[in-house]
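Reader: I am new to this structure and would like to know how its descriptions are reached. Could you take me through the reasoning?

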Protein chains: 2
Amino acid sequence: MKVVLLSGGVGGARFARGVQDVLEPGDLTVVGNVGDDVEVLGLYISPDLDSILYTLADLADEERGWGREGDSWVTLASAAAWGGENWFSLGDLDLGLHLVRTNALRTGSSLSEVTGRMAEHAGIRTRILPATDDRLRTHLETPAGSFPFQEWFVARGHRDEVDAVRFEGAEGATPGPGVLDALGAAEAILIAPSNPYVSIGPILAVEAIRGALDARRVRSVAVSPLVGGKAVRGPADRMLSRMAGGTTPRHVTDRYKGLIDALVIDEADAPATAPVELVATHTLMHDRDAARRLAEVALEAACA
Amino acid sequence: MKVVLLSGGVGGARFARGVQDVLEPGDLTVVGNVGDDVEVLGLYISPDLDSILYTLADLADEERGWGREGDSWVTLASAAAWGGENWFSLGDLDLGLHLVRTNALRTGSSLSEVTGRMAEHAGIRTRILPATDDRLRTHLETPAGSFPFQEWFVARGHRDEVDAVRFEGAEGATPGPGVLDALGAAEAILIAPSNPYVSIGPILAVEAIRGALDARRVRSVAVSPLVGGKAVRGPADRMLSRMAGGTTPRHVTDRYKGLIDALVIDEADAPATAPVELVATHTLMHDRDAARRLAEVALEAACA
């Protein structure tokens, strides 16, 4: 069963592994968010694509929630001693990937090409596709001013409330190679339990991707990132409260108007009403098995 | 006493520290070779400037002879696992410098500016100046073909005999900022016990630097890199044998025709005759004290 999953970073990546574990090898295509991408020390960092890659390849640090397991920080500390920036944490193992990717991008490869090669090196059968190879960057409008995503998220610890989200470069951005074909061939479309504004939002900001979802002939199912109205991690709940007026399932489905046929919610958020079908289950992905069970529920909802 | 030292990597760097130990802080300017510079994984590497910086800052790995003491190779191994090149060994601590420098060069700083900032970060009072900020690269003509320096030296382990040395970009290369001023203000000029062809040669290939030495009004003293006609490390002896016909002090002074007033040689090479004054001493720099004593002999010869 060919499935396309739209995904952000950590939570999305864990869900992606759950889906990968359920499907036949090669049947999953993950379309990843690139709105968080950032240049640090001259290196091109793509945090969500990396979280997806590392998690699908079993290289991720599951406890910390980002980066690679068993990583160290010798190079970054050295760079800082020579006057380099160190606000964005980059481990030594992690840097190996960033060096290879940055060099490939500088010498003419596209982000899609590099991402594909990295997946091959990691032995992953799942396809990981950047939503776009064009430059698309998420900016947050806050009472304290406008910030690029990582400055708001990492440097300022996402402490500022968000009034609006803006996607620089979205206008005119075209889907990465393979994205529309994958959506066209998909027997089901899933949206990961990622932040609707800053993880899934940048993907849907690519007009042709939103258009493909809008014109889908298969079912599309999102998984809510909330448990009891609270985000498992990150500021999704605060953003929904402030910008959408609440954190019920309906507030989540409103983010995906016309783009989904069902929303998988946590039992803590049921019963609830929404304009699309709601499927309640345990959504917390404590471990790999829990992610697999959640994937099964979402896929079942997609086949309904 | 203001001194300018022309220097290559390891041996030159050790001698530079000996000279630094003898002089008042700030009185030494080291003009470093950039003919070995190379891009690896998209990073700008300047092995000789780095050896000088690390050695003067007491950060060098003295036993290994290159790189930083206590370094590890996590990032490079990771890069290799993602398909990156790993023929050129770059430690994690070392990479910190390369990242900061490469980023500074990409955002508009000159090599001289970056090198100056790195010396400041390391707390070094000695000035380290690249021979030139222009692109100047050493190439070796060998029976097996023509090779860029690091390909010949590292990738092929300098196994190929050298028929000629060529400095790409030397024509039209101008001295780095401060080099000519330093030479003009110097009370003595020293040439380190580095390889005359591939370490000092690229510096002298910058016409204005050679011209300044030629027109000097102070004494200039070189230290031979040979002990008993053999190089302490590297291929200097093989290159002299093949291209100059021998490894006596005279063969060394011939490399510096008109540019030196004396050559410090090892006692194992004395007695000998040459067109310039020869000063015999123990030239092996077993330790920091030995380097300091060698520096004293060279400086004394420069004051004669």
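Author: Gladly. One thing to keep in mind is that this is a predicted model. Let us begin with B:Arg293, a residue of helix H12 (residues 288–303) of chain B.

Reader: What makes B:Arg293 count as partly exposed?

Author: A residue is called buried at 20 or more other C-beta atoms within 10 Å, and exposed at 12 or fewer. B:Arg293 has 17 such neighbours, so it falls in between and counts as partly exposed. As for its place in the chain, B:Arg293 is 174 residues from B:Ala119 in sequence, and their C-alpha atoms are 24 Å apart in space.

Reader: Why is A:His158 called partly exposed?

Author: The reasoning is alike: A:His158 has 19 other C-beta atoms within 10 Å, and because buried starts at 20, it is partly exposed. A:His158 sits in the loop between helix H6 (149–155) and strand S8 (164–168) of chain A. Its phi is positive, near 35°, although the residue is not a glycine. Most residues other than glycine have a negative phi. In chain B, B:His158 has a phi near 35° as well, and it lies in the loop between H6 (149–155) and S8 (164–168) of that chain. With 19 C-beta neighbours inside 10 Å, B:His158 is also partly exposed.

Reader: How do you know that the two chains are related by a two-fold axis?

Author: Chain B can be laid on chain A by a turn of 180° with a shift of 0.0 Å along the axis, and the RMSD is then 0.0 Å. That is the relation of a two-fold axis. The same surface serves both copies, as 100% of the contact residues of chain B recur in chain A. Within chain B, the residue that comes closest to the rotation axis is B:Asp92, with its C-alpha at 3.6 Å.

Reader: Which elements of chain B give two or more residues to the side that touches chain A?

Author: The contact as a whole takes 24 residues from each of chain B and chain A. On the side of chain B, the elements that give two or more are helix H3 (74–81), helix H4 (92–106) and helix H5 (111–121). H4(B) has the largest share, with 10 residues. Sorted by class, this side of chain B has 11 nonpolar, 10 polar and three charged residues.

Reader: Why is chain A described as being as compact as a globular protein of its length?

Author: Chain A has 12 helices and 14 strands. Its radius of gyration is 18 Å, and the globule rule gives 19 Å for 304 residues; the two values are close, so chain A is as compact as a globular protein of that length. Along the principal axes, its C-alpha trace spans about 55 × 45 × 40 Å. Of its 304 residues, 54% are buried. Among contacts in chain A with a separation of 6 or more, 65% are between residues 24 or more positions apart.

Reader: Which residues have the most contacts inside the largest nonpolar core?

Author: That core has 186 residues, and those with the most contacts inside it are A:Leu5, A:Leu190, A:Ala298, B:Leu5, B:Leu190 and B:Ala298. Beyond its neighbours within four places in sequence, A:Leu5 is in contact with A:Ala16, A:Val19, A:Leu28, A:Val30, A:Leu190 and A:Ala192. In soluble globular proteins, nonpolar side chains tend to be buried together.

Reader: How do you know that the buried residues of H10(B) are on the same side?

Author: In helix H10 (residues 236–244) of chain B, the buried residues are B:Ala236, B:Asp237, B:Met239 and B:Leu240. They cover an arc of only 160° around the axis, which puts them on the same side of H10(B). What covers them includes helix H8 (196–204), strand S11 (226–227), strand S12 (230–231) and helix H11 (249–255) of chain B. Just after H10(B), B:Gly245 has a positive phi of about 90°.

Reader: What makes H8(B) largely enclosed?

Author: Nine of its nine residues are buried, so H8(B) is largely enclosed by the rest of the structure. Among them are B:Pro196, B:Tyr197 and B:Leu204.

Reader: Where is the cis peptide bond of chain B?

Author: The cis bond joins B:Ala270 and B:Pro271, with omega about -5°. B:Pro271 is in the loop between strand S13 (262–266) and strand S14 (277–281) of chain B. In chain A, the bond from A:Ala270 to A:Pro271 is cis too, with omega near -5°.

Terms used: Residues are numbered from 1 along each chain as its sequence is written. Chains are lettered from A and ligands numbered from 1 in the order in which they are written. This is a predicted model: local features need pLDDT of at least 70, side-chain atom pairs count only at pLDDT 80 or more; totals for chains, interfaces and linings use all residues. Copies are superposed by least squares on the C-alpha atoms of residues with pLDDT of at least 70 in both. Two residues are in contact if their C-beta atoms, placed from the backbone, lie within 7 Å. Helices (H or I, at least four residues) and strands (E, at least two) are DSSP runs, numbered from the N terminus. Ala, Val, Leu, Ile, Met, Phe, Trp, Tyr, Cys and Pro count as nonpolar, Asp, Glu, Lys and Arg as charged, and the others, Gly among them, as polar. A nonpolar core is a set of buried Ala, Val, Leu, Ile, Met, Phe, Trp, Tyr and Cys residues joined through C-beta atoms within 7 Å. The radius of gyration is taken over C-alpha atoms; the globule rule is 2.2 Å times the number of residues to the power 0.38. The arc is that of the directions from the helix axis to the C-beta atoms.
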